[in-house]
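Biologist: I have not seen this one before. Can you walk me through it?
Modeller: Yes, have a look at it first.

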Amino acid sequence: MDKKFLYYLIKRVLLAIVTIFLVITITFFFMHLIPGDPFQSEKAIPEPVREALMEKYGFNDPLWKQYLTYLGNAVTLDFGMSMRMDGREVTDVIFEGFASSAKIGFIAAALALVMGMVFGAIAALYHNKFIDRVIMVVSTAFVAMPSFIVGTLLLWIFCAELEWLPANGMESGGLILPIIALALYPMAYTIRLTRSSMLDVLGQDYIRTAKAKGVHPSKVLFKHALKNAVTPVITYAGPMIAFILTGSLVVERIFTVPGLGDHFFSSIQNRDYTMIMGTTIFLATIIVIMMLISDVLYKFVDPRVDLS
Amino acid sequence: MKKSLALILAVVMVLSLGLAACGGEGGGDATYKDTMTVSAGGYPDTIDPALNSAVDGATYIIHAFAGLTGYNADCEIVADCAKELPEAVALDNGMVSYTYELKDGLKWSDGSDLTAEDFVYAWNRAASPATAADYCYMFELIDGYAEMWKTDDEGNFVNPDAKLNVKSVNDGKALEVVVTVEVPYFHELCAFPAYMPVKADVVDADPEGWATKAASYIGNGPYKVTDFTQAQLVMEKNEYYHNADAVKTKNIIWPFNEDDNALYANFQSGSYDFIDSVPNDQIDSIASRYADEYKVTGQLGTYYVSFNVNDEALKDFTEAERIDIRKALGLMLDRNYIVDAIGQAGQVPANTFVAMGLTDADGKTEFMDNANGGNGYFSVKEEDYATNCQTALTLLEGVAKSSGKFTVADGTVTGFPVLTYLTNEGTGHEALAAYMQDTLKGYGIEIKIEVQEWGTFLDTRKAGNYSIARNGWLGDYNDPISFLDMWISNSGNNDCQFGKGAHADYKGYSYDGKGDLTWAESYDAIIAKVKGSKDAEERFALMHQAEDLLMTTGAICPIYYYTDQFMISQDIEGAFASPLGFKYFMYATIKA
């Protein structure tokens, strides 16, 4: 590892810490701007109970003081207790959910990238031929369809009508459909990215030179072309993997996967402040890490990239 | 189908299925499975009996714990941990005491002995300010509760160590509790999750987390928890339960799932044997495709529309005029159409605020059937809708004449102020809003719809920053006070803002032969008297008076009585539902 690279890494890590600090600050104050609090429901709780809870969670302190307390605890990795789910530590809830989400997310992301690049390359290779058209139509459809439609369709076809697969993520084989539902969109997107960037690369002089020198077509495609065409895919893959690993509200609800996705949504709806902060910080951290990894990957794929 | 016929059918369906759901039978010669998979809802906020205030949480708790009393398959209160239901004994100070003799040999699911001390501990814990439970007020009848919650001028608790007047007697074999007033529903309260005993040493060892882990979740009910994750709750028959012989199915798995479509797909594929909600937009097809599995039962609740009595948009009118305006707008809604076309789940059109299913003083007739001298507060018969609309127009004509602010001619209102209807997101709620807008527009009255996200909506409505709002209430127990005490001036659920702001000075109410009273002098006074009343007849008469007074304001506009819908596999026998929506599977069997 050269010195320049080490210097670059340190700079990026420091930048990441600043980013997460900004995310904490902005989320904390914006979150308190929304009307409501964690202790409300259709049936209002008695006023003295409410007061007792406000005191317990320090809501009677001025906001800046609550912010500093939170920041102080967050530095020591203490993210507090959930305000809605009694007796549960935010970190426990997040890690338990993340374990489920990451399991299917990892497979889905790998599936999306591999299949996406393969089909993208094939489409580029057979540019404007029938197979290219088919791949493009299908991938356009999957890019355009929101996950709740894809998920519900899969559920309806394979679970309710054909009864081939269980609708419940807890049963054996139950994770197949959520993985497919999660993978379809990023796969379709990767196909389109790979195809257009491949088309670009395939038109370059050095490809023609390689072909003219009699290099085997598959070697031209995978060694010379795909390696250079992969840069935009890497850019996309970083945040995509981060989002897919942290779970999808829709897919997890539809297929009963006890993942993290639901907590992003329900914590906001419940004004579960500690949970909102926890999930946001967690997502931000994963995104920052994935971005860092993809930036470093550029360097390996394309030595011309100057990291400094 | 004629709507009146539809209404009758709806009522019959609700009642007949309600009975079917309550009166399940077991037995038969078939072979049985040892596991049933039933879904009661999503991942629960809590399953701590003291802290829980949700219906799904209550269902889990009643399987893992047993109170002094419980429900049988006919939805009647019977003794559970107690040997029998004790009679109230009058005390010299005007209070009454109940002494519940405990059954012999009661044990916790870890095999240790359970005594009356455990109830004393649990009740004090659930009621105390230190626990700050949503349902602490379920203990307000017990002597000592008021002391416990007494605060000084700065809002600090004066007696943080005060205890309820409940004690273990006869060497832990009986529980004696002193209740400030004899009420008919005290035995019923004892079957409520908050009244379940908890084991002091496990709770004290980890007060925040004991109810989040299977290992420390020790109960005394028909089942014990063996696994609790974000995915599911797994229960196994508790051999130490005093009535373990009656528990036939060895395991119950409760998967956490709150997506209606996913629930339905799981039910169709046979993964789940029971689901507690169904996709609203598919009710028609579900009801025909699964006629035997789809059930609708009554529930103690009312869906209604609340008017803000301090509404800025109507500030140019006198309160008497506003009352007529509110009543008129309420009468213009066709409740039969709403339940048929929007609700679609067998809901029953409502003309009272206290819901269907609450009994009156005689313990037999329905409180709502006797409301307003037995007539309800307006007619919800299909054939009377036209008359209702006519009455509404007459009321508006009167206001138009006295105020001069708008005119009514040929059934059309001109120049009426634009009012805003506040609702939260949700297809049913928004469809009702659109129906209301459309219907009132037919009379020339314009309503704007404001849809807010749930948390914001609750905040706005509670603060009284609205004109008209969607509202709903589910009772906590079978007594009308559970619907009526929420409207006293300082109640946290007083969304209509009675007795607050300008309305605090309005003297237009009468009670006890006196007129020109404020809300505090009339309504608050009636409720206080109900709570202090020792005579059942008088109590119920007062509660009818309270509802009469409430309905004279026109600010409560009942739409329909809630129903509870679920789907249950035909293989399950012996399961039942209570009017509070709790589901009981402990005595159920499932055919292989």
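Modeller: One term is needed before we start: a salt bridge is a side-chain nitrogen of Lys or Arg within 4 Å of a carboxyl oxygen of Asp or Glu. Keep in mind that this is a predicted model.

Biologist: Okay. How far apart are N and O in the salt bridge of Lys531(B) and Glu140(B)?
Modeller: The side chains of Lys531(B) and Glu140(B) meet at 3.1 Å, N to O. This pair links distant parts of the chain, 391 residues apart. Lys531(B) sits in helix α15 (residues 519-532) of chain B, and Glu140(B) is in the loop between α3 (116-127) and α4 (145-148).

Biologist: Is Lys531(B) buried or exposed?
Modeller: Neither; Lys531(B) counts as partly exposed because its relative accessibility is 35%. Glu140(B) is also at 35% relative accessibility, so it counts as partly exposed.

Biologist: How many salt bridges turn up over all chains?
Modeller: A search of the whole structure gives 25.

Biologist: What about Asp479(B), which residue does it pair with?
Modeller: Asp479(B) forms a salt bridge with Arg539(B), with an N to O distance of 3.1 Å. This pair links distant parts of the chain too, at 60 residues apart. Asp479(B) is in the loop between β18 (468-474) and α14 (481-484) of chain B, while Arg539(B) belongs to helix α16 (residues 536-552).

Biologist: And are those two buried or exposed?
Modeller: Asp479(B) has a relative accessible area of 0%, so it is buried. Arg539(B) is buried as well, with 2%.

Biologist: Which residues are joined into one network by shared salt-bridge partners?
Modeller: Arg253(A), Asp262(A) and Glu258(B).

Biologist: Back to chain B. What does Asp113(B) do?
Modeller: Asp113(B) forms a salt bridge with Lys107(B), and the closest N and O atoms are 2.7 Å apart. Asp113(B) counts as exposed because its relative accessibility is 52%, where the cut-off for exposed is over 50%. Lys107(B) is partly exposed, at 28%.

Biologist: Let's zoom out. How many helices and strands are in chain B?
Modeller: Chain B has 16 helices and 25 strands. Its C-alpha trace spans about 75 × 60 × 40 Å along the principal axes. Of its 592 residues, 58% count as buried.

Biologist: What radius of gyration does chain B have, set against a compact globule?
Modeller: Chain B has 25 Å, which agrees with the value near 25 Å that a compact globule of 592 residues would have.

Biologist: And chain A, how many helices and strands there?
Modeller: Chain A has 13 helices and 0 strands. Read along the sequence, the pattern is therefore α-α-α-α-α-α-α-α-α-α-α-α-α. The C-alpha trace of chain A spans about 85 × 60 × 30 Å along its principal axes. Buried residues make up 49% of the 308 residues in chain A.

Biologist: Now the surface. Which residues form the negative patch?
Modeller: Glu47(A), Glu51(A), Glu55(A) and Asp61(A) form it. Glu47(A) lies in helix α2 (residues 47-56) of chain A. At 43% relative accessibility, Glu47(A) counts as partly exposed.

Biologist: What is in the nonpolar patch on the surface?
Modeller: Phe148(A), Ile149(A), Leu153(A), Trp156(A), Ile157(A), Leu162(A) and Trp164(A), with about 710 Å² of accessible area together. Trp156(A) is in helix α6 of chain A.

Biologist: Any odd backbone angles to look at?
Modeller: Two to look at. Most residues other than glycine have a negative phi. Glu163(A) is not a glycine, yet its phi is positive, about 55 degrees. Glu163(A) is in the loop between α6 (147-161) and α7 (176-202) of chain A. Ala132(B) also has a positive phi, near 50 degrees.

Biologist: Where is Ala132(B)?
Modeller: Ala132(B) is in the loop between α3 and α4 of chain B. With a relative accessible area of 7%, Ala132(B) is buried.

Biologist: Last one: where is Ile207(A)?
Modeller: Ile207(A) is in helix α8 (residues 205-212) of chain A, and it is buried, with a relative accessible area of 0%. Ile207(A) and Lys223(A) are 16 residues apart in sequence and 10 Å apart in space, C-alpha to C-alpha.

Conventions. Residues are numbered from 1 along each chain as its sequence is written. Chains are lettered from A and ligands numbered from 1 in the order in which they are written. This is a predicted model: local features need pLDDT of at least 70, side-chain atom pairs count only at pLDDT 80 or more; totals for chains, interfaces and linings use all residues. Side-chain values use heavy atoms; hydrogens and water are left out. Buried means under 20% relative accessible area, exposed over 50%, partly exposed in between (1.4 Å probe, protein chains only). Helices (H or I, at least four residues) and strands (E, at least two) are DSSP runs, numbered from the N terminus. Patches are made of residues with over 30% relative accessible area and no salt bridge: like charges are joined within 9 Å, nonpolar side chains (Val, Leu, Ile, Met, Phe, Trp, Tyr) within 5 Å. Accessible areas come from the Shrake-Rupley method with a 1.4 Å probe; for residues, only the protein chains shown count as cover. Lys and Arg count as positive and Asp and Glu as negative; His and the chain ends are not counted. The place of a charge is taken as NZ of Lys, CZ of Arg, CG of Asp or CD of Glu. The radius of gyration is taken over C-alpha atoms; the globule rule is 2.2 Å times the number of residues to the power 0.38.
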